[in-house]
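This note is addressed to a colleague who has not yet examined the structure. The points below take up a helix crossing, the chain interface and the nonpolar cores.

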2 protein chains.
Amino acid sequence: MPNFAPPGFTGSPLVRLDHEREHREYFAKHLTNPAARLLRLDGLTPDIVDGGRLGWHPFGDGDSQDDLALLGLIDSEPHFVPLLKIREDSSQRSAAMNAALNLLVPEDAATYAIARCLIDWHARHPFCPRCGTKTRVIRSGWARLCDPATGGCKAEHFPRTDPVVIMLAEHEERILVGRQKSWPAGRYSALAGFVEVGESIEEAVARELFEEAGVVATEVRYVASQPWPFPSQLMIACIAKVRSPDLTLQVAEIEHAIWVTRDEVLAALAGDPDAPFLPPPPYAIANTLLTRWAD
Amino acid sequence: MPNFAPPGFTGSPLVRLDHEREHREYFAKHLTNPAARLLRLDGLTPDIVDGGRLGWHPFGDGDSQDDLALLGLIDSEPHFVPLLKIREDSSQRSAAMNAALNLLVPEDAATYAIARCLIDWHARHPFCPRCGTKTRVIRSGWARLCDPATGGCKAEHFPRTDPVVIMLAEHEERILVGRQKSWPAGRYSALAGFVEVGESIEEAVARELFEEAGVVATEVRYVASQPWPFPSQLMIACIAKVRSPDLTLQVAEIEHAIWVTRDEVLAALAGDPDAPFLPPPPYAIANTLLTRWAD
């Protein structure tokens, strides 16, 4: 198998040390380490410094030591992020965010994805879904407790990750790409949808392909995965052989879809102006999926 | 590839019709259909009738029509479940539940998994995690709304599914199985752990293997997946080649672990009393994983 580029948002050098997070001494020890670093953010958009690196800074006088998460260690140095009150819609990418993604080196994009998912989850989950009480940060920033000391129900809550399947239907050497109305003109990509409760990856792929495009999957094979921090999905990329190329599009979801050949996919990935579509950006796993299928 | 039994909790004949759930007429139309069926439950344990089938019943005078979820259609008949206030710990299986699982035919176990995940999610998420307001059931039982009409923040909340990796480390024709202290005597299984925010499936497999057993993954391959309704995980089963068989066990998680050969795995799966371990139950994907590796 050729040596493909890893999917976007993977490859962070962060050591999570997740079994140590629950110990208060762990957090305190690292917070007082002079090598501790804090990520600067403007809303959810990270500070980026020369060379496309994340802007990590030593703690300064103006930096709050409350509501921090300890992501983990990079080169033995503790890396913290502030748990902000954010107002922006974290499922969307601002223009500044897109610009940042184009600048960041892959390993820093991966570390940023971890930070963003965590910050955003805290911002959107300050209350206990079981009893409605305000919760507080525990486990070095990796969970929230509905504290019985303040009337809570003792439930612990952990950051949420939603599995999503993203897939190419394949029929006789061609694959299916579709577009949503809101996308940039000319862009086509793999179809996708959330895995629901009580279904496997393979069942979710078959269900979504049938619902969105009316094609019947006969075989599903897994290709690759990536975290997607807008706001916090696990993207699971698959290829599904389908029985017939006849389409019945659910137009509310898929505005248009086309069957494309290997040469057409390679042209699109190469940025050929005559290609029949514009591909998804390189950090999206749909790009990885097209690349691996075409190779 | 041989034709293996599908993983447990897959293969439900339910047609989810998820794009119709949001329409109130959809729900109302199916509720008044004389063919509508309701699942009988004792807590979270399903009623089971002859032949290992789920106990679906026509609506009767005593059945509440409030707080129902419409799972979808089976053979064009609408299938509903009651959204109960449950008190039991849904991450555990009672003795009655284990007995039910041993009786249920696979396709009904799969439908039950959908029902259980949904019922349990509603029971544990009556309040809005964003603002703390009591939410109400919408989308035919598949979501909750923090209703602005009753002071809510308009957020919609969808059932949560937590991705979990479950994996066999592989080294020179042997695989690693481990046991937790709480398990039945002699049982060994694949190692497992939650996928965290900001990591891929492959990264989660490598992290968990290193943390729990001290082995370094050099290659991860996906094998299969299943939903796991205790309470609501997506189990993602993989095999990871590792650099060395030397173990450093995290004893808080893994009490003991052993490297076993293909013949030993086959003996365990066959119930041979001389096998070096007892395998996980057939409906667990760890059993699927062992079966597929050994074949």
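1. In chain A, α5(A) passes α6(A) in a left-handed crossing (the near helix is turned anticlockwise from the far one by less than a right angle). Helices are DSSP runs of H or I, at least four residues, strands being runs of E of at least two, numbered from the N terminus. This is a predicted model, in which local features need pLDDT of at least 70 and side-chain atom pairs pLDDT 80 or more, while totals for chains, interfaces and linings use all residues. Residues are numbered from 1 along each chain as its sequence is written, and chains are lettered from A and ligands numbered from 1 in the order written.

2. Contact between the two helices (C-beta atoms, placed from the backbone, within 7 Å) involves A:Arg262, A:Val265, A:Leu266 and A:Leu269 of α5(A), together with A:Leu290, A:Thr291, A:Trp293 and A:Ala294 of α6(A).

3. Between the chains, 41 residues of chain A are in contact with 42 residues of chain B. On the side of chain A that touches chain B, α3(A) gives the largest share, 6 residues.

4. The largest nonpolar core (buried Ala, Val, Leu, Ile, Met, Phe, Trp, Tyr and Cys joined through C-beta atoms within 7 Å) has 144 residues, and A:Met167 and B:Met167 have the most contacts inside it. Buried denotes 20 or more other C-beta atoms within 10 Å of the residue's own, placed from the backbone. Beyond four places in sequence, the contacts of A:Met167 include A:Ala190, A:Val205 and A:Ile239. Another core, of 6 residues, lies apart and has A:Phe127 and B:Cys128 among them.

Terms used:
Buried ≥ 20, exposed ≤ 12 C-beta atoms within 10 Å, placed from the backbone.
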